[in-house]
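Subject: Structure for your review

Dear colleague,

Please find below the structure that I promised to hand over to you. My findings follow directly after it.

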Amino acid sequence: MRADIKPVRPDRTLLRQAVTDRIKTYIIDNRLRPGDSLPTEAELCDALNASRSSLREAIKTLAALDIVEVRHGSGTFVGRLSLSSLVESLTFRGLLSPGDDVRALRDLVDVRQLFEEGMAARIIERLDEAHVASLERAASELERCAPGSAPQVEADRQFHRLLMEPLGNHLVSQLTTAFWDVHAIVAPYLGMSSPQEDAEALAAHRAMVEAARRRDVDAFAAAVVQHYAPVRRRITAADTG
């Protein structure tokens, strides 16, 4: 080797990514589940052939994604795999630029409506009497609460979570809740609120419950469209105003 040519050190980012991928592979290969403990730092370094610094950086990355959870004094565990990081990034996107906030909210509404309207037949098919009764209670709570109050916000969140629960699809349920959370955070910053439109949304929730009780797929899908119509009008007004 020539004296003036120095060995190239591996890029630190690449090292961290490689160790990150190895940890994920380790979790999958060992069939670990959320809440299961990972080996100690020394054991992981040995198993993954990684340095302590690279391992610690990889663990920080995975913890930010909720893939692992670090409990100080107890160790590192497989995370609950929530979508909190997705919620934070989408929320930041919606609030970062005044030119992008309306577009971000429109995208969120598109996805939320796509889920609920597109899965109307499956939702109606799998809703049993207990689920319909739960939706009824959530709709009634929405109507009792003051518009925009914390209890009403939570009742609305619960209503849309209950819609997806009978599907038994954990990812769909997580995404639905995540998109609802982002919507709830971003929308108030746009200054879009109207008592008349709030009343329309409440009526749409009630119409969804009644359609579910009658097992009427078309009426349910129409109620979903009705539910998102007010916010779509507000988005259009903000975009053209």
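Setting aside neighbours within four places in sequence, T176 is in contact with F115, H160 and M164. This model is predicted, and the contacts described here are computed from it. T176 belongs to helix α9. Its relative accessible area is 8%, which is under the 20% limit, and T176 therefore counts as buried.

One of the partners of T176, M164, leads to the largest nonpolar core. That core holds 36 residues, and those touching the most other members are I123, L127, L135, F159, M164, M208 and F220. Two or more residues each come from α5 (101-118), α6 (120-126), α7 (129-144), α8 (150-164), α9 (170-189), α10 (195-214) and α11 (217-240). The greatest contribution is that of α11, with seven residues. As a general background, nonpolar side chains in soluble globular proteins tend to be buried together.

Two members of this core may serve as examples. I123 touches E116, L163, M164, L167 and F220, when residues up to four places away in sequence are not counted. Separate from this core is another one, of 16 residues, which includes I27, L44, A50 and V78.

The second example is L135, which lies in helix α7. Is L135 buried or exposed? L135 is buried, because its relative accessibility is 1%. Not counting residues up to four places away in sequence, L135 touches L127, F159, L162, L163 and V209. L135 and R161 are 26 residues apart in sequence, while their C-alpha atoms lie 9.6 Å apart in space.

Helix α11 deserves a closer reading. It has 24 residues, and from its first C-alpha to its last it reaches 34 Å, close to the 34 Å expected at 1.5 Å a residue. Where does α11 have a kink? The kink, of about 35 degrees, lies at A229, shortly before the proline P230. The buried residues of α11 are F220, A221, A223, V224, H227, Y228, P230, V231, R234 and I235. An α-helix has 3.6 residues a turn, so residues three or four places apart point the same way; you may wish to keep this in mind when reading such a list.

The N-terminal end of α11 is capped by D216, with a side-chain oxygen 3.3 Å from the backbone nitrogen of D218. R215 lies in the loop between α10 and α11. Although R215 is not a glycine, its phi is positive, about 60 degrees. R215 counts as partly exposed because its relative accessibility is 33%.

A contact between α10 and α11 involves charged residue names that you will recognise from the sequence. E197 is found in helix α10, and its side chain is joined to that of R234 by a polar contact of 2.7 Å. Which residues does E197 contact, leaving aside neighbours within four places in sequence? They are P230, R233 and R234. With a relative accessibility of 14%, E197 counts as buried.

Turning to the earlier part of the chain, helix α3 (residues 52-64) has 13 residues, so at 1.5 Å a residue it should span 18 Å; its end C-alpha atoms are 18 Å apart, in agreement with this. Within α3, the residues S54, L55, E57, A58, I59 and L62 are buried. After α3 comes D66, which has a positive phi near 65 degrees.

R31 is another residue with a positive phi, about 50 degrees, although R31 is not a glycine. R31 is located in the loop between α1 (12-29) and α2 (41-48). Because its relative accessibility is 72%, R31 counts as exposed.

Finally, some values for the chain as a whole. The secondary structure comprises 11 helices and two strands, in the order α-α-α-β-β-α-α-α-α-α-α-α-α along the sequence. Of the 241 residues, 41% count as buried. The chain exposes about 13800 Å², of which carbon and sulfur atoms supply 54%. Among contacts between residues at least 6 apart in sequence, 67% join residues at least 24 apart.

With kind regards

Terms used
Residues numbered from 1 in each chain as written. Predicted model: local features only at pLDDT ≥ 70, side-chain atom pairs only at ≥ 80, totals over all residues. Heavy atoms only, no water. Core = buried A, V, L, I, M, F, W, Y, C linked by side-chain atoms within 4.5 Å. Buried < 20%, exposed > 50% of the residue type's maximum accessible area, 1.4 Å probe, protein only. Helix = DSSP H or I, 4+ residues; strand = E, 2+ residues; numbered from the N terminus. Contact = heavy atoms within 4.5 Å. Expected span 1.5 Å × (residues − 1). Bend = angle between axes of the 7 residues up to and from the residue. Polar contact = N/O pair within 3.5 Å; in protein donor to acceptor, adjacent residues only side chain to side chain. Areas by Shrake-Rupley, 256 points an atom, 1.4 Å probe, with all protein chains shown as cover.
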